[in-house]
There are 2 protein chains.
Amino acid sequence: MTFANVGRLGVKPGARDQLIEILTRPSTEMSMHGCLLYEVGVNEEQPDAVFVSELWESAEAHAASLQLDSVRAAIAEARPLFSGEFDGYRFDVIGSPLRV
Amino acid sequence: MTFANVGRLGVKPGARDQLIEILTRPSTEMSMHGCLLYEVGVNEEQPDAVFVSELWESAEAHAASLQLDSVRAAIAEARPLFSGEFDGYRFDVIGSPLRV
């Protein structure tokens with residue numbers, strides 16, 4: 001079942017673009033491991049946050065991705081940028097009006 | 001610029017499946033008006049909520065879609081199901097590691 005993970009990652013002042021650079025680095029490994037969508041963005045009204053909207057083939061694929069060496073390295077690189085504020089949603093996809 | 005709208009829609013107890021039925025009805029009109037992704041789902045830990053993750057060609061396309069007759073009719077149909085609790089995020093997409 002397709003799994004959605006959406007989050008707001010709080011960053012230290014001025015660190016937003018650096019986190020975006022890390023999160024948007026091209027990765028063929030993620031799609032190989034079940035990542036269907038991974039959109040990274042910003043909201044100018046909330047300058048100290050990065051937003052991520054992800055779709056994965058399953059919740060298990062998402063969980064497993066966090067153990068990939070490349071993902072662990074990216075998380076370690078990003079850790080000093082985080083303010084410690086995180087929130088978001090996780091849900092199982094039921095359907096879409098764009099699919100018949 | 002691609003625009004993301006993600007939300008959690010609170011529903012009255014027992015109304016979740018009815019809202020999902022409304023939100024997942026096939027719509028060619030939405031894609032014609034710039035809707036790139038519209039995933040609807042649930043989280044069994046939050047049974048009185050429906051989650052939506054959307055991507056649109058632009059924030060303007062999203063705003064304009066809310067004025068379409070079919071969308072206004074769906075909102076009117078859904079309104080009695082809502083608990084009144086809504087939250088979510090809106091952001092401008094900067095990039096994705098899945099695109100080079």
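Biologist: Why is the meeting of the side chains of Asp17(A) and Arg16(A) called a salt bridge?

Modeller: A salt bridge needs a side-chain nitrogen of Lys or Arg within 4 Å of a carboxyl oxygen of Asp or Glu, and in this predicted model the N to O distance between Asp17(A) and Arg16(A) is 3.8 Å, so the pair meets the definition. The model is a predicted one, in which local features need pLDDT of at least 70 and side-chain atom pairs pLDDT 80 or more, whereas totals for chains, interfaces and linings use all residues. Residues are numbered from 1 along each chain as its sequence is written, chains are lettered from A in the order in which they are written, and side-chain values use heavy atoms, leaving out hydrogens and water.

Biologist: What makes Asp17(A) count as exposed, and what makes Arg16(A) buried?

Modeller: Buried means under 20% relative accessible area and exposed over 50%, with partly exposed in between (1.4 Å probe, protein chains only). Asp17(A) has 54% relative accessibility and therefore counts as exposed, while Arg16(A), with 15%, is buried. These two residues also belong to a network of salt bridges that links them with Glu44(A).

Biologist: How do you know that Glu77(A) forms a salt bridge with Arg25(A)?

Modeller: The closest N and O atoms of Glu77(A) and Arg25(A) are 2.8 Å apart, a value that satisfies the cut-off already given. Glu77(A) lies in helix α4 (residues 69-78) and Arg25(A) in the loop between α1 (16-23) and α2 (28-32) of chain A, so the pair ties together parts that are 52 residues apart in sequence. Helices (H or I, at least four residues) and strands (E, at least two) are DSSP runs, numbered from the N terminus. Glu77(A), at 39% relative accessibility, is partly exposed, and Arg25(A), at 33%, is partly exposed as well.

Biologist: Which chains does the pair of Glu39(A) and Arg99(B) cross between?

Modeller: Glu39(A) and Arg99(B) form a salt bridge with their closest N and O atoms 2.8 Å apart, and the pair crosses from strand β2 (residues 35-42) of chain A to the segment after β4 (82-95) of chain B. Glu39(A) is buried at 6% relative accessible area, whereas Arg99(B) is partly exposed at 43%.

Biologist: How many salt bridges are counted between chain B and chain A?

Modeller: The count between these chains is 2, and a search of the whole structure finds 12 over all chains.

Biologist: How many residues of chain B are in contact with chain A?

Modeller: Contact means heavy atoms within 4.5 Å, and by that test 38 residues of chain B touch 38 residues of chain A. The two chains bury about 3000 Å² between them, 65% of it on carbon and sulfur atoms, where buried area is the accessible area (1.4 Å probe) lost on putting two parts together, summed over both.

Biologist: What makes β2(A) and β4(B) a strand pair?

Modeller: Two strands pair if DSSP finds at least two bridges between them, and 3 bridges join β2(A) to β4(B), which run antiparallel, so the requirement is met. In β4(B), Val93(B) is the bridge partner of Gly41(A).
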